[in-house]
Amino acid sequence: MGFDALHHELAAIADLSLLISPADLDRYSRDAYDYSPVLREQLSQCRADLVASAASVQAVQAVAAACHRHGVPLTLRGAGTGNYGQSVPLKGGVVLLMDALREVRSIDPVSGVVTVECGCLMRDLDRALAVHGRQLRLFPSTWRSATIGGFIGGGSGGIGSVRWGFLRDPGHLLGLEVVTMEASPRLLQLEAAEAEALNHAYGTNGIITALTLSSAARVAWQEVVVDCADWTTAVELAQRCGRAAVELNLCTVLQSSIVEHLPSWSGSPRGQHRLLLLVAPDGVSTIERLAHSVQAEMHVLGQEDDHQGNGLRELSWNHTTLHLRNHDPNWTYLQMLLPQPELGCMQALQKRWGDDLVWHLEAVRQQGAFRLAALPLVYWRGAQALQDLIDDCLAQGAFVFNPHVITVEGGGLGVIDGDQVAAKHRHDPDGLLNPGKLGGFPA
Ligand SMILES: Cc1cc2nc3c(=O)[nH]c(=O)nc-3n(C[C@H](O)[C@H](O)[C@H](O)COP(=O)(O)OP(=O)(O)OC[C@H]3O[C@@H](n4cnc5c(N)ncnc54)[C@H](O)[C@@H]3O)c2cc1C
């Protein structure tokens with residue numbers, strides 16, 4: 001590959017800065033894949049040859065043209081908080097930082113529909129929406145540091161999923177502005193139906209420069225913590241809360257051994273299992289009634305906005321794993337949708353795996369129905385033990401979304417999405433965007 005010639009061409013592009021120090025090449029060739037010991041081993045040697053940061057859509061087009069001319073792979077990066085090596089350049093080449101494209105282009109005051117550039121941090125986008133009495137429907141627990149383009153490119157759901165389901169559900173993503181990877185890169189405006197194929201495609205089938213998204217009316221979410229003496233009560237209470245006529249934005253259920261190792265933002269541990277809830281103000285008294293009916297102890301911590309970076313949302317989703325790993329880095333995790341009834345499956349797995357498996361549940365809306373997803377903490381005992389556990393979960397009827405694999409399909413249901421592959425052929429026919437990540441389009 002002609003890196004010297006490419007370097008020379010990139011250096012001449014307006015609104016583009018190059019980062020070429022060995023420290024920068026290392027830093028921007030990693031993401032948060034170290035949560036997986038499997039990926040750590042596979043990805044630690046991958047390294048970009050050049051890193052560039054684009055501050056305009058024209059610069060993105062010029063980089064795509066130059067990489068295409070030289071046949072060099074191009075991997076996109078938002079904030080690099082993905083957990084599956086999504087922004088790791090498997091084949092080297094150029095890593096393009098998208099976080100300088102961060103303008104909120106428009107917010108419709110009536111519908112709340114927002115058009116925003118890909119590198120806008122979700123924290124900043126949410127602040128812009130707040131001015132119009134709106135908020136993001138869904139966001140990851142990394143909302144303060146992660147970009148909206150990276151969330152669509154590599155995320156799936158998070159806070160808000162108990163109300164709004166997952167990112168790929170129709171209705172969240174309404175359109176995309178996309179640069180293609182061709183000799184003369186095109187700037188496309190995709191409507192919702194066409195945009196779906198780029199949703200959760202790890203930046204393999206188009207360079208997203210702007211997104212159009214729906215939003216929700218802003219709610220003054222109240223932080224509520226409920227402690228339960230036994231696990232069955234905690235799970236059943238979460239189910240009752242989720243099915244009650246109460247608006248929730250988060251419903252996390254944690255076994256007591258997790259609570260012990262969390263920062264104290266949800267209150268000190270009381271040796272009990274804990275529910276972390278974000279509840280609309282008019283629902284707090286109902287949650288209190290449900291909690292008292294099972295002799296659980298409830299604490300209202302107040303309005304979420306007052307707690308900023310140390311609220312319940314940063315104890316939930318994969319932040320739970322983060323806090324446990326801070327305590328002992330041998331903890332890793334799995335992701336699955338539990339079969340119903342959930343308690344039987346959890347008890348069977350816990351009986352076999354003992355203290356190496358600790359339950360962390362997140363209530364979600366899956367295809368319109370209330371369900372419990374699980375992000376159990378798993379103590380690392382080697383790759384074979386992890387595979388045995390995954391096999392056990394599958395045998396129990398769980399859908400496992402394996403966080404220890406690098407392909408789009410491997411982290412999903414293992415099925416190739418024909419629309420994603422067709423979009424790859426249309427927008428990146430030579431397979432230069434993030435090669436190796438879309439299983440249906442062999443590198
Ligand atoms: C502690 C922790 C908690 C997390 N919690 C959640 C959670 O609750 N829910 C969740 O879904 N995820 C979660 N994640 C994963 C991750 O933080 C989110 O998915 C986040 O939204 C990714 O955004 P990013 O800017 O860091 O993207 P990156 O990691 O930089 O990129 C993600 C993917 O998108 C692609 N991409 C980036 N920008 C573009 C673009 N402009 N065009 C096309 N493709 C692009 C990249 O190539 C990559 O494949 C968590 C991670 C950690 C470490």
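**Exercise 1.** Which polar backbone atom is 2.8 Å from a nitrogen atom of the ligand? Track it down, then look for other polar partners.

*Solution.* Keep in mind that this is a predicted model.
- Step 1: start at Ile208, since a polar backbone atom there sits 2.8 Å from a ligand nitrogen.
- Step 2: go to Gly157, where a polar backbone atom is 2.6 Å from a nitrogen atom of the ligand.
- Step 3: switch to side chains, and you'll find a polar atom of Ser141 at 3.0 Å from a ligand nitrogen.
- Step 4: check these against the 3.5 Å cut-off for a polar contact.

**Exercise 2.** How much of the ligand's accessible area does the protein cover, and which elements give two or more residues to the shell?

*Solution.*
- Step 1: on its own the ligand has 970 Å² of accessible area, and the protein covers 96% of that.
- Step 2: pick out β3 (74–77), α6 (148–154) and α12 (317–327), the elements that each supply two or more shell residues.
- Step 3: count the residues around the ligand and you get 37, with Leu76, Gly78, Thr81, Thr147 and Gly157 the closest.
- Step 4: sort the shell by class, which gives 22 polar, 14 nonpolar and 1 charged.

**Exercise 3.** What area do domain 1 and domain 2 bury between them?

*Solution.*
- Step 1: set the bounds from the domain assignment, with domain 1 at 3–97, domain 2 at 104–217 and domain 3 at 222–304 + 311–400.
- Step 2: take the C-alpha centres of domain 1 and domain 2, which are 22 Å apart.
- Step 3: list who takes part in the contact: 15 residues from domain 1 and 20 from domain 2.
- Step 4: read off the buried area for this pair, about 1,400 Å², with 72% of it on carbon and sulfur atoms.

How values were computed: Residues are numbered from 1 along each chain as its sequence is written. This is a predicted model: local features need pLDDT of at least 70, side-chain atom pairs count only at pLDDT 80 or more; totals for chains, interfaces and linings use all residues. Side-chain values use heavy atoms; hydrogens and water are left out. A residue is near a molecule or strand if one of its heavy atoms lies within 4 Å of it. A polar contact is a pair of N or O atoms within 3.5 Å; within protein, one must be able to donate a hydrogen and the other to accept it, and residues adjacent in sequence count only if both atoms are side-chain atoms. Accessible areas come from the Shrake-Rupley method with a 1.4 Å probe; for residues, only the protein chains shown count as cover. Helices (H or I, at least four residues) and strands (E, at least two) are DSSP runs, numbered from the N terminus. Ala, Val, Leu, Ile, Met, Phe, Trp, Tyr, Cys and Pro count as nonpolar, Asp, Glu, Lys and Arg as charged, and the others, Gly among them, as polar. Domain bounds come from an automatic or database domain assignment. Buried area is the accessible area (1.4 Å probe) that two parts lose on being put together, summed over both.
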